[in-house]
Amino acid sequence: MNSIYLVVIAAIVVIFLFAAIIKRYRRCPSDKILVIYGKTGKGSARCVHGGGAFVWPIIQDYAYLSLTPISIDANLTNALSRQNIRVDVPCRFTVGISTEPDSMNNAAERLLGQTQTQIQELARDILFGQLRLVIATMSIEELNSDRDKFLENISTNVEVEMKKIGLRLINVNVTDINDESGYIEALGKEAAAKAINEAKVSVAKEDKNGEIGKAEAMKETRIRTAEANAEAVKGENEAKVAIANSDATRREKEAEAQRRAVAAEKVQQANALQEAYVAESEAEQKRAERERSTQQANIIVPQEIEKQRKIIEAEAMAEQKRVNAKGEADAIFAKMEAEGKGLYEILTKQAAGYDKMIQAAGGDATKAYTLLLLEKLPDLVRTQVDAIKGINIDKVTVWDNGSGTDGKGSTANFLSGLMKSIPPLGELFEQAGMSLPEYLGKKKEGEEAEPAEEV
């Protein structure tokens with residue numbers, strides 16, 4: 001019994017395992033790409049198109065990429081052609097994810113998880129860039145007339161860039177191409193004028209053939225009429241043999257001469273008409289060529305020259321501004337750098353001198369300051385003297401009544417008072433918040449020192 005139970009349990013386990021494995025088998029529809037990612041053993045992802053594959057649990061997962069074509073409007077405007085003429089090229093591209101092995105791997109790495117709108121915007125950016133590149137290598141005539149070459153160049157350039165993100169170009173639809181200068185319209189008018197002139201030549205040829213046929217018919221009519229008249233006259237004149245023979249011969253010769261004259265006249269008229277139509281056709285062709293050359297010389301060439309001149313002037317002005325700005329910036333920087341270095345050297349030397357002076361004064365900053373002030377003492381005395389030195393006294397009149405004291409007259413008192421107007425050194429020191437050293441002078445006994453004013 002135990003053996004039977006073990007067999008049943010083993011069978012149940014096998015069935016569950018088989019069911020789990022079957023459940024992990026994923027089939028890929030024809031309009032999708034199955035992307036298995038995780039631990040695949042073949043790079044970052046494994047792509048399957050058509051058929052199916054096992055997706056192992058835990059270590060692997062899967063997602064689908066849609067192969068539905070995407071339509072993209074790429075209405076390119078103001079694109080420069082090889083002739084530097086701006087054109088508008090409205091296009092509609094149809095792209096889709098490629099099923100080539102390399103492209104599928106690129107799509108799995110770059111487009112998996114992206115919405116269709118995001119893929120469309122990414123492809124549009126690539127299409128705009130390649131479309132501008134293709135237009136820049138072609139002239140207006142090639143864009144307008146050789147559409148096969150234009151589409152081939154677009155396909156060649158776009159396919160390479162699209163393959164990098166896993167897309168391929170399915171279809172390109174280019175509608176009317178316009179340019180801002182009217183060059184394409186001028187080409188159309190030239191083709192229309194050429195067709196009209198060719199039609200005029202054909203009409204002239206047909207008119208010539210009609211006139212020649214008419215002349216031949218009239219000639220045949222006259223000949224047949226003359227022959228009938230001759231037969232009638234011959235029948236009537238059989239009785240009058242001599243007269244009839246003479247008359248018939250005369251009339252036959254007259255008819256023949258008239259026929260030749262009429263035929264020669266018609267031939268000359270036809271030849272004249274033919275030569276006139278040929279000359280008119282050649283004149284129309286020459287006039288069309290002259291008009292085309294005149295339009296090109298008067299409109300297109302001056303515009304191209306003016307455009308090149310403006311481009312060169314703009315580039316020269318921009319380069320000059322850049323050079324001037326760089327020169328001014330370098331000069332300002334050099335000047336500020338030199339001033340900074342000079343100020344730094346001055347302050348460094350002053351600081352070193354002050355430090356040595358304080359050390360010489362025994363570390364007392366006040367004594368060092370007094371020493372510095374003593375260095376400026378001659379300048380202070382000179383300043384006091386200069387205070388009255390510059391007074392311009394042209395004439396001084398002193399009235400002296402003889403009442404001077406101490407042997408001083410009025411003139412001496414005037415000069416003494418003038419000198420006393422200069423503040424003494426002691427007061428200058430007190431105003432600066434310091435006291436004059438004793439070896440330079442001291443106050444008299446009994447004088448009270450006034451408090452120094454704070455500067």
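Let's start with charge pairs: the structure, which is a predicted model, holds 19 salt bridges. Side chains of opposite charge can pair when their charged atoms come close.

A good place to see this is R309. This arginine forms a salt bridge with E306, with 2.3 Å between the closest N and O atoms. R309 also meets the side chain of E313 in a salt bridge, at 2.5 Å from N to O. Why can R309 pair with E306 along the chain? The two sit three residues apart in helix 7 (residues 241-360), so about one helical turn separates them. R309 and E313 are four residues apart in helix 7, which again means a separation of about one helical turn. R309 is partly exposed at 37% relative accessible area, E306 is partly exposed at 31%, and E313 is partly exposed at 39%.

Staying in helix 7, look for K326 and D330, which are four residues apart, or about one helical turn. Their salt bridge has its closest N and O atoms 3.2 Å apart. K326 is exposed, with a relative accessible area of 54%, whereas D330 is partly exposed at 43%. Elsewhere, E220, R224 and E227 are joined into one network by salt bridges that share partners.

Now turn to R124, in helix 3 (residues 116-136). R124 is buried, because its relative accessible area is 16% and the cut-off for buried is under 20%. A polar atom of its side chain lies 3.2 Å from the backbone oxygen of D73, and R124 touches both I72 and D73.

Finally, visit the surface, where I21, Y25, F54, W56, I58 and I59 form a nonpolar patch with about 640 Å² of accessible area together. I21 lies in helix 1 (residues 2-23) and is partly exposed, at 38% relative accessibility.

Technical notes. Residues are numbered from 1 along each chain as its sequence is written. This is a predicted model: local features need pLDDT of at least 70, side-chain atom pairs count only at pLDDT 80 or more; totals for chains, interfaces and linings use all residues. Side-chain values use heavy atoms; hydrogens and water are left out. Patches are made of residues with over 30% relative accessible area and no salt bridge: like charges are joined within 9 Å, nonpolar side chains (Val, Leu, Ile, Met, Phe, Trp, Tyr) within 5 Å. Accessible areas come from the Shrake-Rupley method with a 1.4 Å probe; for residues, only the protein chains shown count as cover. A salt bridge is a side-chain nitrogen of Lys or Arg within 4 Å of a carboxyl oxygen of Asp or Glu. Buried means under 20% relative accessible area, exposed over 50%, partly exposed in between (1.4 Å probe, protein chains only). A polar contact is a pair of N or O atoms within 3.5 Å; within protein, one must be able to donate a hydrogen and the other to accept it, and residues adjacent in sequence count only if both atoms are side-chain atoms. Contact means heavy atoms within 4.5 Å. Lists of a residue's contacts leave out its neighbours within four places in sequence.
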